[in-house]
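Got your viewer open and your mouse ready? Let's take a walk through this chain, one selection at a time.

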Amino acid sequence: YAQACVASGKGLSASTAGRREKIKITAMSESGHVMTQGGDRFEALLFTEDGDVISDIHVDDLMDGTYECAYTTSKSGVCNLWVRLGGAHIHGSPFGVLVAPQEPCLLASTVSSVCSLAHLYHEAGQPLTTWVYVRDKYGNFCRIQSTELDVSVGRCDENGAVLQLECSVALDQFGCPFVTCLPTLAGTYNVSVSIKGKGKIREKGGGESEDALEIVVMSAKAHASQCKAYGAGMEKAIVGALSEFHVSLFDKFGNAAEILRHGYNQEFIEPTQVPLHISLHHMMPGGGRGVAVDLTTVSCGIFYGSAYKKSCFSVGYTVFSATTLLLQLTVAGKDLFTAPIRIPVGAGDTNALYSVVSGDGIEGGSLRNGTISKTVTLEARDEYDNKRGVGGDVFEVSLALEGG
């Protein structure tokens with residue numbers, strides 16, 4: 001009688017993934033007497049919590065009223081063990097079995113960082129979270145305390161010294177460990193996670209990589225407070241000559257702002273493709289902005305192998321009027337200078353064709369007492385008709401009688 005039959009064994013309530021569990025079934029009559037002969041057809045099935053069959057278990061008849069069966073499952077979690085006779089459950093069936101994972105396996109465990117830009121590319125100043133997936137050899141999740149992990153996040157500086165970041169380890173609501181840190185300096189960081197007493201968890205698991213997880217931290221967005229502009233073209237200019245200055249963009253942490261931020265190669269030539277606006281105008285007599293000056297802006301970053309172009313630009317301009325220019329740089333919507341920089345523009349070299357001769361000395365006159373006195377004024381100008389503001393030119397002046 002099914003409801004009178006009983007089963008015994010540790011495997012009725014608990015097991016460990018990969019461990020073989022034995023179950024003993026004792027057949028009993030409806031009146032509660034133990035049967036002394038076999039012949040009953042018991043069946044046993046092991047289900048997942050979702051109802052999927054894990055195993056159809058073979059039941060051995062020992063021909064003395066007792067029966068034995070065994071099961072092994074590699075899946076941890078809550079399982080249901082059905083033991084039935086003639087389609088009816090025996091006493092206590094279905095049995096709830098809690099299957100625990102085996103001990104953590106380094107080769108099956110992995111670490112994975114959630115990066116803000118792309119796979120393994122992260123932005124400076126953004127929290128970096130690294131998840132630690134501890135599993136047994138069957139891939140079952142293993143609960144582990146944060147104190148059982150050794151974690152380090154380090155960055156090598158230009159001298160080869162390793163700078164360790166402060167980081168913390170916590171558990172999410174399901175017991176999965178995660179590591180958080182806040183990298184602010186650009187560079188390559190190594191995230192290393194070890195289980196105390198066992199060894200390092202490799203990046204990809206399965207023995208594919210023995211190195212720590214490498215995260216490339218790239219600059220944050222360019223910030224006006226850290227950006228720099230420099231060069232002779234910001235101090236003075238000469239009419240008709242090419243003047244140049246440079247602009248280097250940095251983020252708020254002092255990292256050189258990188259143009260390539262998503263792990264792929266792309267040329268940036270036009271300044272409209274980066275958060276930089278350059279305003280260069282002729283100054284009006286009253287101090288206001290006049291006509292804009294045409295600019296040529298090109299990227300002068302460097303690309304070597306897997307390195308990235310930096311946001312460094314060379315700005316060139318040529319003006320043809322000896323005035324004063326007003327320069328302002330705007331980065332990400334904020335002015336770089338509290339007030340526009342004034343750039344004086346000097347005239348070019350003296351050009352005889354554009355220089356001006358004036359005065360009464362170029363007009364006719366009459367002799368008085370055999371002499372004549374006249375004045376000639378020479379105004380030096382460059383080839384763009386700008387008046388020279390400095391002396392030093394040598395002019396030759398000759399006077400001859402017509403036809404003499």
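Start by selecting A44 and V83: A44 stands opposite V83, which belongs to strand 8. This is a predicted model, by the way, so read everything on this tour as a prediction. Now widen the selection to residues 42-48, which form strand 4, and residues 77-85, which form strand 8. These two strands run antiparallel, and seven bridges join them.

Stay with strand 8, and add residues 95-100, which is strand 10. Strand 8 and strand 10 pair in the antiparallel sense too, over five bridges. To see one match-up, click on N80 and then on its bridge partner in strand 10, G96.

What does strand 8 pair with through two bridges? Select residues 88-89: this is strand 9, and it runs antiparallel to strand 8. Here, R84 has H89 of strand 9 as its bridge partner. Strand 8 and strand 9 make a hairpin, with two residues between them. Zoom in on the turn and pick G86, which has a positive phi of about 60 degrees.

While you have strands on screen, turn on the side chains. In a regular strand, they alternate between the two faces of the sheet.

Next stop: strand 17. Select residues 177-181 and ask yourself: is this strand largely enclosed by the rest of the structure, or open? Four of its five residues are buried, so strand 17 is largely enclosed. "Buried" here means under 20% relative accessible area.

Which strands pair with strand 17? One of them is strand 13, residues 128-133. Strand 13 and strand 17 pair in the antiparallel sense over four bridges. Click on T130 and you'll find V179 of strand 17 opposite. Another partner is strand 16, residues 167-171, which runs antiparallel to strand 17 and is joined to it by five bridges. For a sample pair, choose A170 and its bridge partner in strand 17, F178.

Strand 16 and strand 17 also form a hairpin, this one with five residues between the strands. Pick out G175 in this hairpin: it takes a positive phi near 90 degrees.

Now jump to G199, which sits in strand 19 (residues 199-201). Its relative accessibility is 23%, so it counts as partly exposed. Which residues does G199 touch, leaving aside those up to four places away in sequence? Select L106 and S194, and you have them. Then try your distance tool on G199 and D150: they are 49 residues apart in sequence, but 9.3 Å apart in space, C-alpha to C-alpha.

Time to zoom out and select the whole chain. How many helices and strands does it have? Zero helices and 32 strands. The radius of gyration is 43 Å, well over the 22 Å that the globule rule gives for 404 residues, so the chain is more spread out than a compact globule. Rotate the C-alpha trace and you can follow its span of about 165 × 40 × 35 Å along the principal axes.

Switch to a surface view for the last stop. The accessible surface of the chain comes to about 23,000 Å², and 50% of that belongs to carbon and sulfur atoms. Buried residues make up 37% of the 404 residues. Finally, colour by charge: there are 32 positive and 44 negative charges, and the mean positions of the two sets are 4 Å apart.

How values were computed. Residues numbered from 1 in each chain as written. Predicted model: local features only at pLDDT ≥ 70, side-chain atom pairs only at ≥ 80, totals over all residues. Heavy atoms only, no water. Rg over C-alpha atoms; globule rule 2.2 N^0.38 Å. Buried < 20%, exposed > 50% of the residue type's maximum accessible area, 1.4 Å probe, protein only. Areas by Shrake-Rupley, 256 points an atom, 1.4 Å probe, with all protein chains shown as cover. Lys, Arg positive; Asp, Glu negative; His and termini not counted. Charge placed at Lys NZ, Arg CZ, Asp CG, Glu CD. Pairing = 2+ DSSP bridges. Contact = heavy atoms within 4.5 Å.
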